[in-house]
Amino acid sequence: MLPARVLLNPVFLALVMLYTTFYSPISYGSTILPPHLIMTLISLVVAASKTGMGIGCGGDLPWRLPEDLKMFKSLTTGPNNNNAVIMGRKTWDSIPAKFRPLPNRLNVVLTRQPTGENSDGNKTSSPYPDNVLVASSVDDAMRQIAERNINNTFVIGGGEIYKTFMDSGKVDEIYLTEVQADEDKFTFDTFFPKLSPSDYDCEDVGGGEKTDEKSGLKYKFLKYTKVAEGADLNPEEMQVRRRERRAERELAFANSE
Ligand SMILES: NC(=O)c1ccc[n+]([C@@H]2O[C@H](COP(=O)([O-])OP(=O)(O)OC[C@H]3O[C@@H](n4cnc5c(N)ncnc54)[C@H](OP(=O)(O)O)[C@@H]3O)[C@@H](O)[C@H]2O)c1
């Protein structure tokens, strides 16, 4: 194992970038870099109303869609149980205590409240279980995730966190459950930012419109994939571009240490 000062050295990282760009046969998303240097794909998972992009009300979800929760669980857990989910403190609070942390995923909670210290500077116990990562900023969250062997990172809400990530330009793909929830029947106080259609390719990944048996709500599983600069690239070139982006991000994190 090489020492951290070598692994985080920009020259070493540049060599890794060249290697992964031109020689590596391993596809994007696999563990090509040492665990603490893995940059993950950042996906965002959300269920929003079709017309107004409403996602929440009164600190809770506006609807109960069991099939959506099933999809969420399977997508974010993945085949190898080595994904991370990032959420805002209010979304963490909204998950019933017996269901959190979300199992088989690294749970990362964003909060600006320092944990482990009260206002007098005295030590207190953290309100989060030991296996939950607490991060004070998006970069802090990404840095802590980069130190672990994580495959994909899913941003799971809520409104404030979605907006922060969307504004950061770090989101590679968005899994959107588009719910036909009319504003005359539903009230929302939390929203997902408007998506710019020219920035993303959209595909239906759920086989068309579905209807929830109990509520009669109609919904669709959509996936938005960020259109890279040079959208005319072929799949191999696109893969090279993604590896470059991953190495660039790693350099940015290393330099921000
Ligand atoms: N439909 C969906 O798919 C979906 C998914 C998830 C959640 N939701 C809904 O969304 C609502 C919650 O969303 P929300 O916008 O109110 O809250 P949120 O985004 O879940 O959490 C906001 C909190 O996150 C922390 N935070 C925000 N930005 C931060 C940053 N840059 N660095 C560090 N900490 C940061 C702050 O916590 P502190 O106050 O502790 O500092 C802030 O109060 C609920 O109604 C929930 O049910 C819907």
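Strand β1 is mostly covered, with seven of its nine residues buried. This is a predicted model. The protein chain holds seven helices and eleven strands. β1 supplies five residues to the largest nonpolar core, the largest share of that core. β1 is also among the elements that each give at least two residues to the shell around the ligand.

**Strand β1 and its partners**
- β1 spans residues 41-49.
- β1 pairs with β6 in the parallel sense, over four bridges.
- Within that pairing, L41 has N152 of β6 as its bridge partner.
- β1 also pairs with β7 in the parallel sense, over seven bridges.
- There, V46 has L176 of β7 as its bridge partner.

**The chain overall**
- The protein chain has 257 residues, and 28% of them are buried.
- Take the contacts with a separation of 6 or more: 75% of them join residues 24 or more positions apart.

**The largest nonpolar core**
- This core has 39 residues.
- V85, I86, V108 and V155 have the most contacts inside the core.
- Strands that each supply at least two core residues are β1, β3 (83-88), β4 (105-110), β6 (152-155), β7 (173-179) and β11 (218-226).
- Helices α5 (138-146) and α6 (159-168) also supply at least two residues each.
- Leaving aside neighbours within four places in sequence, V108 is in contact with A84, V85 and I86.
- On the same terms, V108 also contacts L133, A135, A141, Q144 and I145.

**Helix α5**
- The buried residues of α5 are A141, M142, I145 and A146.
- Seen down the helix axis, these buried residues fall within an arc of 130°, so they line one face of α5.
- An α-helix has 3.6 residues a turn, so residues three or four places apart point the same way.
- A141 and I145 of this buried set are also among the contacts of V108.

**Helix α6**
- G159, I161, Y162 and F165 are the buried residues of α6.
- Seen down the axis of α6, they fall within an arc of 165°, so they too line one face of the helix.
- The face turned away from that buried side carries the exposed residues D167 and S168.
- G169 follows α6, and its phi is positive, near 75°.

**The ligand shell**
- The ligand is surrounded by 28 residues.
- The closest are G56, G88, G157, G158 and G159.
- β1, β2 (54-56), β3, α4 (89-94) and α6 each supply at least two shell residues.
- By class, the shell has nine nonpolar, 14 polar and five charged residues.
- G159 is one of the closest residues to the ligand, and G159 is also one of the buried residues of α6.

**G88, a residue of the shell**
- G88 lies in strand β3.
- G88 is buried, because 20 other C-beta atoms lie within 10 Å.
- Not counting residues up to four places away in sequence, G88 touches L110, G157, G158, E160 and I161.
- Two of these contacts, G157 and G158, are themselves among the closest residues to the ligand.
- Another contact, I161, is one of the buried residues of α6.
- G88 and R112 are 24 residues apart in sequence, and 9.9 Å apart in space from C-alpha to C-alpha.

Conventions:
Residues numbered from 1 in each chain as written. Predicted model: local features only at pLDDT ≥ 70, side-chain atom pairs only at ≥ 80, totals over all residues. Buried ≥ 20, exposed ≤ 12 C-beta atoms within 10 Å, placed from the backbone. Contact = placed C-beta atoms within 7 Å. Core = buried A, V, L, I, M, F, W, Y, C linked by C-beta atoms within 7 Å. Near = placed C-beta within 6 Å. Nonpolar A, V, L, I, M, F, W, Y, C, P; charged D, E, K, R; others polar. Arc of directions from axis to C-beta. Pairing = 2+ DSSP bridges.
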